[in-house]
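Here are my notes on the model you sent round, set out as numbered points. Please read them with the sequence and the structure open beside you.

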Amino acid sequence: MNEQPAPAEAKEPKAKDPKAKLPKPEEPKAKAKDEEPKAGEPKAEEPKDKEKEKDEPSRAHVLNERGQRGTIQDRIGTERDALSGYAPGGTAIGRDQHNHYYGGPDGRRTRIAPLRRRDVEEIERAFVAPEDFDELLRLTRERRIVILQADQDSGRYAAARRLLCLLLAGDDRRLFGVDPSVRLDELTADDLTEGAGYVYRDPARPDALTGFALDKISGLLEDAKARLVITVDAARPLTDDRAVELVLRLGRVQDRREIARGLLALELGDGRAGVVLDEPDVAALLDAQLGQDGPPRHARAVAVELLNAHRQALPLARTAEQALRLRDDELRTQWFESLETLSLQCMAVATAVLSGEPYETVALAAMQLKNELETGDPHAESLRRLDAPLTPTRRKWLSRLGAETAPSKVRLRFGATAPSEAIRYLDPYAQGKVLGYFWREFDEQRPRLLGWLRWCSEHPLESVRTRTAVATGFLAARAFDLVRALVIEPMAFSEDPRLRTVAATALHATVTQRPALREPVRELLRSWAEPAETPRLRGTAARAWRVEYADGGAAAALDWLEDYTGDESVLVTAAVCVSVTELWETEWDREGTPARLLEWTSDRDEDRRFTGRLAFLTAARQLVRRLPGDDFDWPGLLHIAAMDDARMRDVAALWREVLNDSIVQEHAQDLLREWACTADDVPVVRRSLARLTRAVATDGVTAGRLRYAARGWAEDAPKSSADVLTALNGR
């Protein structure tokens, strides 16, 4: 069995040591292994005074904390990357969709809507006529109404549009769709346009295609010299004799590869499409997928996946093949069952959750999942006969999964980066497809999957924790109350601030996946924010600011955070500081965040003033910016100030507040020294720092403190010291 490593930074901090640094709110705090309930187990109640005694750091403890610069930005970037692999709830990834808006200028629903120009271009350039299509056209020409009845995915909608295009003369032909929810006998002469063609695609009630309705609309079409083609699924037989008389059948398409070629040419142009189609692997894929009889709609699926791979500069045939294997649950079942060992199936799930992490990290997590899923009797694959040779798995696993590794970098504990190889599925949306399939289909393993996610949430690598949080939110969007009760809420109660961050991130991912859950999530957060609740829950609620931001922007998020700025708990204050830093990183040079901090720092409430100043110091320490082509970092807030005079005034005012505050003054000077050291070898950054200090020094007391601080940099940052002193002395 593989056990989770226990790095030094995940151990209990020595709280009794006055020089001990408090871990950042997102870093691990002390936690005994038996304190946190496993997924599905009830949480033991704990006396609130005892909890407060264990949880509460002092203000000095929070101020003394030093975290690696840029870690908050790394976490936000990882979360964005992880979210990109999951399609929002309700989106049918991998299926062709023809969505029509039946609405008028006033917003009211109408019965008729013009077909998109794209729908017309598609059948003009990519339509491949099925057998006996000429006879079908002849019969259609003799009638005002025809009904195309065919199997699902047979291309009946494309055939309907093609028939109308051929029957309507002139370049200005007008094609419309009829709302499927409307009954034909509801249409009037005012709904029809003279000489137009109409597609009534798969009406919601085929039984409403009665002789009366068909005769009525036929008369209206005759008066308007218009035509109507109705499509109906063969699985829904028509009962009216008049409707049955109008039914025509579609023949089969002899070469479905031509459909895919036509769609590629439509999207890419003939030249680029020819380059794509000339690739041997693409030709082989078309032969394998479309070289035999089958539904024409699958040709569209093949073309769509090739286009997706082309746009993202991924290997064309391999990426498309992987995506096609995961298009629907039936195909996913075939693919998942073809993964012949539990190890490989666990690697598939681990890659879905941790896509973008180093291969070795994902493989270790997969083995942990295997340990969770295995029963008391080991699987045969777990047992090797004595002295059997080891068999390499990496290449085989990547090939079977439809995944690849690519060069990447990981940030180490002290800020440096190291090269690695990250694993990802070739299909950009495979994460949601695989994880969603496993969640839906494997009932007995669902609790074990949640337990494994808890294990990943405690991983020493923050990027693993962040991707796990997004995966947890993806599942919560599908079973909110279950995942909330068994995973998210226990983490929100945890004394480990890393787990509280995971809980907050998971809730953000939940509402991103399913916006309809925003109000239930808000209600949950409001209940956590009650004054009677524990500081841990209140702190987790403060960390979930993005739930408000997603709907109301920065102002709504700052309003949410402002409710916590007067909280007496320093734990909650620390949570607000990290959240403000994340918001400032998200908004960057917009005015909302610094303006609100200035309001807080001048508030009459002492706790709010302290929170505002500490939040500024947290952001000033954490945020960095490296511009394209540069080999140096800017302190992030200094870069913001240097690029905009208004932001220069805001940042200078906040520096003035912290430099003149007796509680945080010493820590502000230490941070200014860090900025000076960062700027020392970069003239443009030094000049910006000197300009900022001059803007800060609007009074004699502040100027004196800045001069004293700058003299103290003479040894560590001599150039910055000289430039700042020159600026302060007016030379």
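1. The chain, which is a predicted model, has 33 helices and ten strands. Of its 731 residues, 53% count as buried, and the accessible surface of the chain comes to about 33,300 Å², with 48% of that area belonging to carbon and sulfur atoms.

2. On the question of how contacts are spread along the sequence, residues 24 or more positions apart account for 73% of those contacts in the chain that have a separation of 6 or more.

3. Six of the strands deserve a closer look, since they make up an open sheet with mixed pairing, in which the strand order is 1-3-4-5-2-6. The edges are taken by strand 1 (112-114) and strand 6 (247-249), and because each of these has a single partner strand, one side of each is left without a neighbour in the sheet. Neighbouring strands of this sheet are turned by 30° against each other on average, when direction is ignored.

4. Within that sheet, which strands illustrate the parallel sense of pairing? Strand 3 (residues 175-178) and strand 4 (residues 197-201) pair in this way over three bridges, and Leu175 stands opposite Gly197 in strand 4. As a reminder, strands of a sheet pair through backbone hydrogen bonds, either parallel or antiparallel.

5. Turning to cysteines, how many disulfides does the model contain? With a cut-off of 2.5 Å between cysteine sulfur atoms, the count comes to zero disulfides. A disulfide is a covalent bond between the sulfur atoms of two cysteines. For anyone planning to look at individual cysteines in the model, Cys165 has a relative accessibility of 4% and therefore counts as buried, the limit being under 20%. Cys577, with a relative accessible area of 2%, is buried by that limit too.

6. Is Asp650, which is found in helix 29 (residues 645-659), buried or exposed? Its relative accessibility is 14%, so Asp650 counts as buried, given that the limit is under 20%. The side chain of Asp650 is joined to that of Arg647 by a polar contact of 3.1 Å. Once the neighbours within four places in sequence are left aside, Asp650 is in contact with Pro594 and Leu598. Taken together, these points describe an acidic residue that counts as buried and has a polar contact with the side chain of Arg647.

Methods:
Residues numbered from 1 in each chain as written. Predicted model: local features only at pLDDT ≥ 70, side-chain atom pairs only at ≥ 80, totals over all residues. Heavy atoms only, no water. Helix = DSSP H or I, 4+ residues; strand = E, 2+ residues; numbered from the N terminus. Buried < 20%, exposed > 50% of the residue type's maximum accessible area, 1.4 Å probe, protein only. Contact = heavy atoms within 4.5 Å. Areas by Shrake-Rupley, 256 points an atom, 1.4 Å probe, with all protein chains shown as cover. Polar contact = N/O pair within 3.5 Å; in protein donor to acceptor, adjacent residues only side chain to side chain. Pairing = 2+ DSSP bridges. Axes fitted to C-alpha atoms, helices over the stretch in contact; angles between N-to-C directions.
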